[in-house]
Each structure stands twice: as structure tokens, then as C-alpha cells.
Amino acid sequence: MVDVPLGPAGLVPPAEVEDVELYHPHSWVTKYVFSQDAKVIAIQYSATALAVGLIALVLSWLMRLQLGFPGVFSFIDANAYYQFITMHGMMMVVYVLTALFLGGFGNYLIPLMVGARDMVFPYANMLSFWLYLLAVLVLVASFFAPGGPTGAGWTLYPPQAITSGTPGGQDWGIILMLVSLMIFIIGFTMGGLNYVVTVLQGRARGMTLMRMPLTVWGIFTASVMALLAFPALFVGAVMMLFDRVLGTSFFMPAMVEMGQQTDRNGGSPLLFQHLFWFFGHPEVYIVALPAFGIVSDLISTHARRNVFGYRMMVWAILAIGGLSFIVWAHHMYVSGMNPYFGFFFATTTLIIAVPTAIKVYNWVLTLWRGDIHLTVPMLFALAFIVTFLNGGLTGLFLGNVVVDVPLSDTMFVVAHFHMVMGVAPILVIFGAIYHWYPKVTGRMLNDTLGKLHFWVTFLGAYAIFFPMHYLGLIGMPRRYHDVADFAFIPASAHTLNAFITVVALIVGAVQLVFLFNLIWSLRHGREAGGNPWRATTLEWQTPTTPPPHGNWGNETPVVYRWAYDYSVPGAKEDFLPQNHPPIAPATAGAAP
Amino acid sequence: MSIIILFVGLLALIAGWWLARQRLAAKPWLEEGALGEFPGTEATALPAVKVGLGVFLAVVGALFALFLSAYSMRMGLEDWRSIPTPGLLWPNTGMLIMSSIALQWAKVSADRDDADVTKVCLVAGGVFAAGFLIGQLLVWRQLNASGYFLAANPANAFFYLITGLHGLHMLGGLVALERTIEKAWRGGATDQVRLSVDLCAMYWHFLLLIWLILFSLLTGWADQFVEICRQLLT
Amino acid sequence: MAIVLALVLVAVGSVLFHLVSPWWWTPIASNWGYIDDTLIVTFWITGAVFVAVVLFMAYCVFRFRHKPGQRAHYEPENKRLEWWLTVVTGVGVAAMLAPGLVVWNQFVTVPEDATDVEIVGQQWQWSYRLPGPDGRLGKSDTRNITPENPLGLSKDDPNAQDDVVIEGAELRLPLGKPVKALLRSIDVLHDFYVPEFRAKMDLVPGQISYFWLTPTRTGTFEVLCAELCGVGHPQMRGTVVVETEVAYQNWLKEQSQRTFARLNAPEK
């Protein structure tokens, strides 16, 4: 690349693109219910996902009560406990995080950030949400089905998932779970096509790939990965459904079930695990990459400084996205697969730590010599770096095959993945909601309530999950309904468990403050104006706030610069919006 | 899992080739200005639906690649008993090829603005495709009648499952084709008809390709290939 | 400003917690001390990175927090710094990976003189099988399982006749002798897990997996199942006793009436 600064280009007059192509709704139902507007769909997705999140939160309370105070709550028997952990896990990973990041933020931000009027296939986009809602309803229905929901653990490993020793295994639970997943995947594919193709084909004039905000890069890459990874879960789900309902033996080996020989033969439980983790590992990054992107933008905007090393950040996203498809078996080091795979997968897994580390460095270096405004979104972004760093580093324990051996299936694993793909992305979600709420509603969220929410959530979540690693180090196994009466577990560990439970209850409760804030600020929040954070990206430059269907009025924006022109020397303001025409030739392209 | 890895690798190559032309090494903060100076970095001139179909086909491809990966892993286990190739699969394959040819023809004539030939070819393509589906159902009945039940052996189960899934995709294609035929009959804007026909043809060729791969696998031609893949894996 | 304090607190507090909290691994009872060593190396490297990054962050927030009239410094990237950090990270990662792979190589390479012990899992109990005087385990198949033949040994295999079947009792291992544990399940996935041994592996129905260890300390240890195996998962417990060679041989003699042939004798 030649580093010659390109001179300022002649002004290109904005195109007069009338938004005739969009289907404008005429009734309340088509405007707010069966809406084809990506922004309405985004809110539908987010609201549904938050509702599912509340259910999953209550489930986590119930299982923490059992772990912290075993036997005190008699209605949480072993059956119920396993049902709670299974539903909590699956809901959080798929129906909350994936749906929120891609269906929620993807829908809202992609068209606005790339300067499009809407997604390219609005009808499929609408179907995507309704299929998602159907999937959620099917999943929740399993609570009311005979035998209750499945208690197979969120990994749904066969043969256990479809045998009688597991809650829901021979009842409706597992069937509803698998069907719900299949509906979700079909629905997601419709949405995912939109997210990907809108970035490919819907960009405004001047919006080259390297001018896209990292949020779009993150969601785009995650969507591509999800489109390729979810089919693996689909295949696993279909085959397991066949095993369960039609008596095939894809995964079911010859086995003795409760003292009786079965008529299964020769199936391979490991085959399911390969399929599951071929989905499951990219899934981690499907959640993480949008969080990476969003947090980059939050830090940059609130530190008034360009994202440090933008190009490296983009390359790292792409590298992580690619590598994440060849690390899946690090979830299977002790699964009984060929142990020589361990060498390969440990190496690829630890290699992926390098681009991830670069991202962390660049976030921190963005703070360096910045002008840091400690707003609520910024606080959440800082907390994200801490928790993600912590969770990422413990990933180096579990990715290094031999260190994983003593730690696998212990509370260490639980602590690790909650820190890295539970707490960290959720902190980003909160930060992002505080950041973009003014664009969605035109009003600011309450700052005091926001700070209360932040402090309890951040410190509480850290106090829950950091000590939990040490329970795993002792050897306390995960997925135990009851860890009493082990000689190797000291009494103090049980005290620690009780402490964790109390903190978890508090952290959960403070989320109600957040919900209250969301609703209260709709009417009573401070008027925000169009660009309260003085940000550069296109979504803040819409003619009206909240943006109407079609986003841009009569003229779609023309992009003249990258997304991070903060504190440019020579510019009057400390930010230059992406659609701001080139400034005087002398300063244009002022190189560092 | 080597089949899906190969498939994802192929997609990665395509993605890499495209990204390589997107100036990923440029320093965007130096490039203030309008678009004209960065040719090739804008959205392509292709219609969005066509790109969308391309992405969708990648997803479908991943789905079948995963099934084939599972197939190749499962067939290595000892209880596998391959099923004999039903003779009817040959005429079915012929039917599908005819269908694909008809749609290609439709595409060519649509490009030439020959509306009548386009309509005939579209209908012919639909009829052949329907014939293929009916033929597949007959194969299922034959197999069932001769005792190759779904749950009896994983080879049978995979056969029903994979052919069924392929059939479902074909069925979905028929719905799209039916709407295209309607459009052609109404004589709507030629541009739109041309695009629809183009998309149908693209989808059909892809499903034909998948079918040929499946067919070669199910009839055992590809067994050796799979054997190699499996050895690479274990 | 509170956030600066919080960040410092998190960094320093985490280190203090690590150093002074009473929660640490169980004393090791096998040859896998190398695993513990690799873990310690990993703790050092990752701990240093964590503290450094969080403290640096705290400093940045403290030093560059918004003041009226302040403007951020404009610097899109610094290639040298970025490459330098990449290389340092790479070295750190290699420093963890290399010992990890070396130890893993030991883990998957079973010594020649290891004795076979079969561990069989079922919902929800452990059973064991020892090879008997001929030193060989006979063939087995889940299909052979009946109430009289709970582990499904092959009646036709001569090697199986002197195998010692231990059902629902404790496993004993001799001190200082390498043992290859062959793992088999007759229903769902299980995982043979003794915290003091560090090593563990899943039991997968339809195949035989393995791991090996040399017990290095006498004592009685708890056996847990570490792979969710249904609603009775937490109750799937057992004990393993490591004892001296002499004591072990005496015990083994007592077990001679529990050979497969004898257990099946009354029927014949």
C-alpha cells in the first residue's frame, strides 16, 4: 500500500433516492406487529429476548438456591435442578445472546450504520422474528408438557438426552427442545441472510468496507459464522429427533437402559459431540464478535479517540472468525475421542488467543491519551474489558489440553464460560442499550439508576464468578445437584457457595432497576436530541430521531470518511461525522 | 468432519478472494473523500436477491456437507450395512438433469426475450422436477417394501433422511418456480421475469450438483473417497 | 474516579484472593505432578497479564479522564507497538503451550509395563474388572449383559474366565505401579474422576477409552462421575484405595473367588 494521502475529492451531490421501494405500512398491525421495518423487528427481537432472559435469570436463582443452601428448598429436587440448568443454559446462549446481538442489535444497527433504508429482504426479516417467537413459545411450552422440560444439560449429549434416566428424555421435553432449536435455526437463517446481504449490497455510497464501524464488522462476521455453524446444530437435532422418535441409531449405541437391553445398535455418541461443538464453538464467537465490535465503538466514542489500530481490529475479527471453525474439539479433550487430536486442537486454540489479545490491547490503547468521559456506556465497556480479559485468560487453562484434564467438568469451566460469554457480552449489551436507547426512543436513560445498575452488576458478577474458579480447582464438579458429603471438599467451600448464591440474588434483583429504568425513561427521560454522544457513525446523523421507516428521508447519506474521526487535528469539533464532507485541503489526510 | 472442513475452507477461499479486492490493507483515516476514488469497493452491481441466493446456497451446502460428514463418520462403525442401489434412482437422476437443462434453456430464452419458449421451458422444468420427486417417493416405497426400514440400519436411516431433505429443498424450489411461472404468464416486467428465471436456474443447478454428489455416495462410488477422508481423520 | 479504585481493587484483590484464600487443589496422589506444574506456569503468565492490563487501564482512566478543554491525542495506529505486542503475546502463549503438549504426549503414551484395569460405568454405579493371573482382560460386549453377567463378558473367551469382577465395591490399586484404566460404559456417558489423580476421561458406550496413571500416595480417595449421566449423576460415587504392593496382593488373593468363571459356575 502506498501511504500517499489522497487529496480531497470533489463533493458528490447526495443522490435523491426516494424510498418508494419500501412497503410502507398503513395500519397499526402492519406497523407494529407484522412490521417489515428492521427497527421495529429489532425491538421485537430485543423485547422477546429480554423476556426470555428474565425467565433464564429466575432459573439461575433457583439453581443457585439449591447449590448455596442444599436441601432447604425441597421443591428443587434433582429432576427440577437438571431441568433448570438445561433451560437456563440453552435459553441464555441461543435464545437470549444470539437473538439479542444479531436479531436485536443487528437489525437496528446494520441498516442505520451502513446508510441503508432497511434490510434488503424485509419480508424474510419479519418472518425471521415470528419464527423466533414461535421457537421461544415451543421451548417455554415444554415447562407445561408432561414430564417437564428436558434435563439433559444444554449440550444435550446422547444417549443420556433421550433415555429414561434423564428428565424429559422419554417425555416431551427433549422433543420440544429439538423442534424449538430447528425452528430457531430456520428463522435465524432468514434473518442472517438479511444481515449479511445488507452489508454486502446495501451500503450507502462511499461506505467502503474499511469505513464501516467495527460494530458492523463484528455483527457481519458473526452472522456469516452463524449461517455456517447453525446447520451443524440443525443436523444434530434432526438426527437426534430421529433417534428419539423413529428409533434409528445415529447416536444410540447398543446399551442397557435401566436393566433392559435396547434394540439400538452401533451408534456413535461422539458423532453428536462433534456436530454439537462444530456449532458450539463458533457460537461462542457469534456472541463475542458483535460484543467486540460494539465495545470498540463505545470506547472510541466515549474516549473521543479513534479506535487504536483499526486495521488490526478488522483483521483480528476475520482471523478469529476463520480460526473458530477449527478449534471445536477443545470441548472434547476428555470425551474419549482419539487423544492425538489433542495436539492439533490445543495448538489452534492457543493460536486464537493471539488475535483476541490484540483486540484487548487495542481497546486499552484507545484509552491512552484519550479524553475519557465516564458515562454509563463507558463504565460498562471498561467492565467488559476486565471480565473478558479474565475469562479469556482462564480460557488458556482450558484450551491447553493437559491443563484441561483436571479442570474439565468442574466449576472452573462454569466460572470460565460465564465470565467470558455470559458476564462480558451481557455487560456490552447493557452498555449498548444505554448508548443507543436515545436513538431508539429520543430520550436518555436515567443516569443515577444506570450507575447503580452498573456498580452492582459489575462488582457482583465478578464476586460471583471469580471465586467460583477456585471451587473448580478444588475439584468440585459441575452439574451436581448436591455436592455435600465429599471429604475432599472443605466446609469453607460450601460457605463460599452460599456467598455466591447471595450475591447472585442481589445481582439478579438489580436487573429490575434496569427494567424499571427502560420503562420509566420512555416518558420521563431527558430529551436526547439527535446525537447526544457527539458520535461520528451514520446512525446518529439521521434527519429525525427516532428515525422513521426508511431512515433517511429523501436523501440517503454519502460517506466521506471512516467511522473514527474523533479529535482530528485542525477540525473545529472533536468529531467529524462520516457524512461530513472533506474539510480544507491543508488538513485533509493529516497523517500522524 | 473433514468434508465440512473442506467445504468451509472452500468458502473461506472465496471470501478471501473477495476480501483481497476490498483494500483491507488501506489506511482509511488517510482516505477522506468520495467514493469514486476507490473503485471496486462499493456494493456489486448484482441484484441483492442474487447475492442472497448465493449466500443461501452456501448455507444449504454447509447443511449437506455436515450430513455427509456425519454419514462418513457413522459408516465407519461396524454395524453399517450398505443398501443396494434402487434401479429407479437412475431415471430419477435423468429427470433431474432434464429439469436443470429445461431451466437453463428457460434462462437463455428469457435473456433473448423469447417469452413463449421461456414459459414452455419453465413448465417443462417444473414437470421434470415433480417427476423426480414422485420417483423418489417410489424409491422409498420400494425400499420399504423390500424390508429396508428406516430404523433397521443407519445406512437406511441416512438414505431416507438425506434424500428426504434433498426432496424438501426441491419442493421449496418448486414453490418458487411456480411463482416464476405465474409471473411469466402474467407477462410482467421482463427484467423481473428474467431475474426470477435466473435465480430458479441457479438453484436447480445447485440442487442437481448436490444430488449427483449424494447419488455417487449412496450408490457406493464415493465410498473409497470417504474411506480416505475417514482415515485422514482417525 | 470510583472506577479507577474499582479497577485497582479488582486487580489487587484477585491476586490477594489467589494467594491467601484457603481454596486450592487437593494434594496430588498420582504421577501427574507435571499437570500441576503446567497449571502453575499458566497461572503465573495469565496472572501477570491480567494485573498489568487492568492496572494500565486504571492508570489511563485516572490520567486521561475528561477535564474541560482537554482534547484526545490523534493517533490511528502504531504498527511497531502492535507487532511488538503480538510477538510478546505469541511468546507467552508458546510458553504455556509447549510444556502443555510435552505433558500431553506423556499422557497419551501408556508405559509398556502398565497393568490393565477395566472401569465400567452404568446408571448410577461403578464396577471394575481386573485381569486375573493371566494378566489379560477377556472380551466383552454390552449385548452379553444379563443379571448374572453384569459386565457382559464373553463366555467363550478363555481370557475372561479368570477375570475378577468387582461390582459395587471399592477399587484397589497398588502403590507405584503404572495402571492403564480401560473405560467402558453400558448405557450413557460417564467420566471416571478422582480429584487427587488429576487424570480423567469419559466412558463412552460402544467404545473403549483409556488413560493411565501411577498412584504415588496410599490412601482412600473418592470417585466421582464428571459427565452428566442423568438424574442420579451426583449419587454415582465410589472409592478407590491405593495401598502397598503387599497389601494389594493379599487383597487380590481374597478376590480369587470372584472370578468370572466362579460367578457363573452355579448355572453351568
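Helices here are DSSP runs of H or I with at least four residues, numbered from the N terminus. The model is predicted.

**Exercise 1.** Find where Pro546(A) lies, and state what kind of peptide bond joins Thr545(A) to Pro546(A).

Solution.
- Step 1: Helix H14 of chain A covers 491–524, and Pro546(A) belongs to the segment after this helix.
- Step 2: The bond between Thr545(A) and Pro546(A) has an omega of about -5° and is cis.

**Exercise 2.** Describe the peptide bond from Pro158(A) to Pro159(A), and place Pro159(A) among the helices of chain A.

Solution.
- Step 1: With omega near 0°, the bond from Pro158(A) to Pro159(A) is cis.
- Step 2: In chain A, helix H4 (122–141) and helix H5 (173–201) are linked by a loop, and Pro159(A) sits in that loop.

**Exercise 3.** Locate Arg23(B), give its phi, and decide whether Arg23(B) is buried, partly exposed or exposed.

Solution.
- Step 1: Arg23(B) is in the chain B loop between helix H1 (2–20) and helix H2 (48–74).
- Step 2: Phi of Arg23(B) is near 55°, which is positive, and the residue is not glycine.
- Step 3: A residue is buried at 20 or more other C-beta atoms within 10 Å and exposed at 12 or fewer. Arg23(B) has 18, so Arg23(B) is partly exposed.

**Exercise 4.** Do the equivalent for Arg198(C): location, phi and burial.

Solution.
- Step 1: The loop between strand E6 (190–193) and strand E7 (200–203) of chain C holds Arg198(C).
- Step 2: Arg198(C), not a glycine, has a positive phi of about 70°.
- Step 3: Arg198(C) is buried because 27 other C-beta atoms lie within 10 Å.

Note on methods. Residues are numbered from 1 along each chain as its sequence is written. Chains are lettered from A and ligands numbered from 1 in the order in which they are written. This is a predicted model: local features need pLDDT of at least 70, side-chain atom pairs count only at pLDDT 80 or more; totals for chains, interfaces and linings use all residues. Helices (H or I, at least four residues) and strands (E, at least two) are DSSP runs, numbered from the N terminus.
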